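The report below goes through one structure element by element. The sequence and the coordinates are shown first.

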Amino acid sequence: MSIKIISKSGVKTQNTGKKLAGLLKPGSLVLLNGDLGAGKTVFVQGLCKALGVSEHVTSPTFALINTYKGIFPKTGEHADIVHCDAYRLGSLEELYDAGFFDFGEDAVLICEWSENVFGKNKEPGCIEVNIVRRDDISANYREIYISADGGEGEALEAAFH
Ligand SMILES: Nc1ncnc2c1ncn2[C@@H]1O[C@H](COP(=O)(O)OP(=O)(O)O)[C@@H](O)[C@H]1O
Ligand SMILES: [Mg+2]
């Protein structure tokens with residue numbers, strides 16, 4: 001299941017991230033791709049805000065990984081959020097070495113530039129977010145594609161339509 005959202009502002013992209021946050025649960029894996037400046041981090045900012053993160057979410061380009069404490073809005077359960085920027089990484093092994101998988105199976109894992117480490121073969125159960133800049137239309141125009149399989153995909157469709 002795949003959905004497409006048009007965003008003409010950072011706020012809209014953040015709100016799209018917020019909406020997706022409602023579908024996340026312990027162990028969710030969110031893989032983001034799109035060119036530099038597409039809005040991946042802006043999307044994650046909205047997502048984290050909806051998970052109750054009060055800190056300002058920034059790109060972990062140099063730190064590789066940032067972690068946040070949040071709350072799943074529906075259940076009130078505690079959420080460990082791990083946010084990685086794999087821009088400088090080239091393999092899944094490097095993602096392991098960066099500590100991405102060190103927070104237990106209940107953590108919410110979010111990875112920008114995931115194709116650098118996961119390639120095109122996606123992990124089962126993951127949610128993919130692809131943000132496409134449409135500079136040909138206007139400077140702030142983005143197409144956001146979100147896809148997921150199985151039950152996750154149905155929930156996605158229900159949440160966004
Ligand atoms: N529709 C939009 N959605 C997201 N960001 C936008 C949009 N229009 C303009 N921007 C700007 O584009 C930049 C996106 O930056 P960022 O989220 O860090 O990109 P990425 O993480 O994909 O490299 C921000 O400066 C943001 O204000
Ligand atoms: Mg980024």
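E154 belongs to helix α5, residues 150–160. In this predicted model, E154 has 12 C-beta neighbours inside 10 Å and therefore counts as exposed. In sequence E154 is 152 residues away from S2, yet the C-alpha atoms of the two are 9.5 Å apart in space.

**Helix α1**

Helix α1 covers residues 10–21. The 12 residues of α1 should span 16 Å at 1.5 Å a residue, and the C-alpha atoms at its ends are 17 Å apart, which agrees. The buried residues of α1 are T13, Q14, T16, G17, L20 and A21. These residues lie on the same side of α1, because the arc they cover around the axis is only 155°. Their packing partners are β1 (2–7), α2 and β7 (142–147).

**Helix α2**

Helix α2, residues 40–50, is largely enclosed by the rest of the structure, because 10 of its 11 residues are buried. The buried residues are K40, T41, V42, F43, V44, Q45, G46, L47, C48 and A50. The elements that cover them include α1, β2, β3, β4 (78–85), β5 and β6. Just after α2 comes G52, with a positive phi of about 80°.

**The ligand shell**

Which helices supply at least two residues each to the shell around ligand 1? Both α1 and α2 do so. There are 18 residues around ligand 1, and those that come nearest are T13, G39, K40, T41 and N140. By type, the shell around ligand 1 holds three nonpolar, 10 polar and five charged residues. T13 is also one of the buried residues of α1, while K40 and T41 are among the buried residues of α2.

**The loop between α2 and β3**

S59 sits in the loop between α2 and β3. With 16 C-beta neighbours inside 10 Å, S59 counts as partly exposed. Apart from its neighbours within four places in sequence, S59 is in contact with T41 and D85. S59 and V44 are separated by 15 residues in sequence and by 9.2 Å in space, C-alpha to C-alpha.

L64 is also placed in the loop between α2 and β3 (65–71). The phi of L64 is near 70°, a positive value in a residue that is not glycine. L64 counts as partly exposed, because it has 19 C-beta neighbours inside 10 Å.

**Strands β2 and β5**

Strand β2 runs over residues 29–33, and five of its five residues are buried. From β2, L29, L31 and N33 point one way and V30 and L32 the other way, and all are buried.

Strand β5 is likewise largely enclosed by the rest of the structure, because five of its five residues are buried. Both faces of β5 are covered, with V108, I110 and E112 buried on one side and L109 and C111 buried on the other.

How many bridges join β2 to β5, residues 108–112? The two strands pair in the parallel sense over four bridges. Strand β2 also pairs with β6, residues 127–133, again in the parallel sense and over four bridges. Strands β4 and β5 pair in the parallel sense over five bridges. Particular residue pairs in these strands are set out below.

| Residue | Opposite residue | Strand of the opposite residue |
|---|---|---|
| L32 | E112 | β5 |
| V30 | I110 | β5 |
| I81 | V108 | β5 |
| N33 | N130 | β6 |

V30 and L32, which point the same way from β2, thus appear in the table with I110 and E112 as their partners in β5. I110 and E112 lie on one side of β5, together with V108, the bridge partner of I81.

**After β5**

W113 is found in the loop between β5 and α4 (115–118). W113 is not a glycine, but its phi is positive, at about 60°. Is W113 buried or exposed? W113 counts as buried, because 20 C-beta neighbours lie inside 10 Å.

Notes
Residues numbered from 1 in each chain as written. Chains lettered and ligands numbered in written order. Predicted model: local features only at pLDDT ≥ 70, side-chain atom pairs only at ≥ 80, totals over all residues. Near = placed C-beta within 6 Å. Nonpolar A, V, L, I, M, F, W, Y, C, P; charged D, E, K, R; others polar. Pairing = 2+ DSSP bridges. Expected span 1.5 Å × (residues − 1). Arc of directions from axis to C-beta. Contact = placed C-beta atoms within 7 Å.
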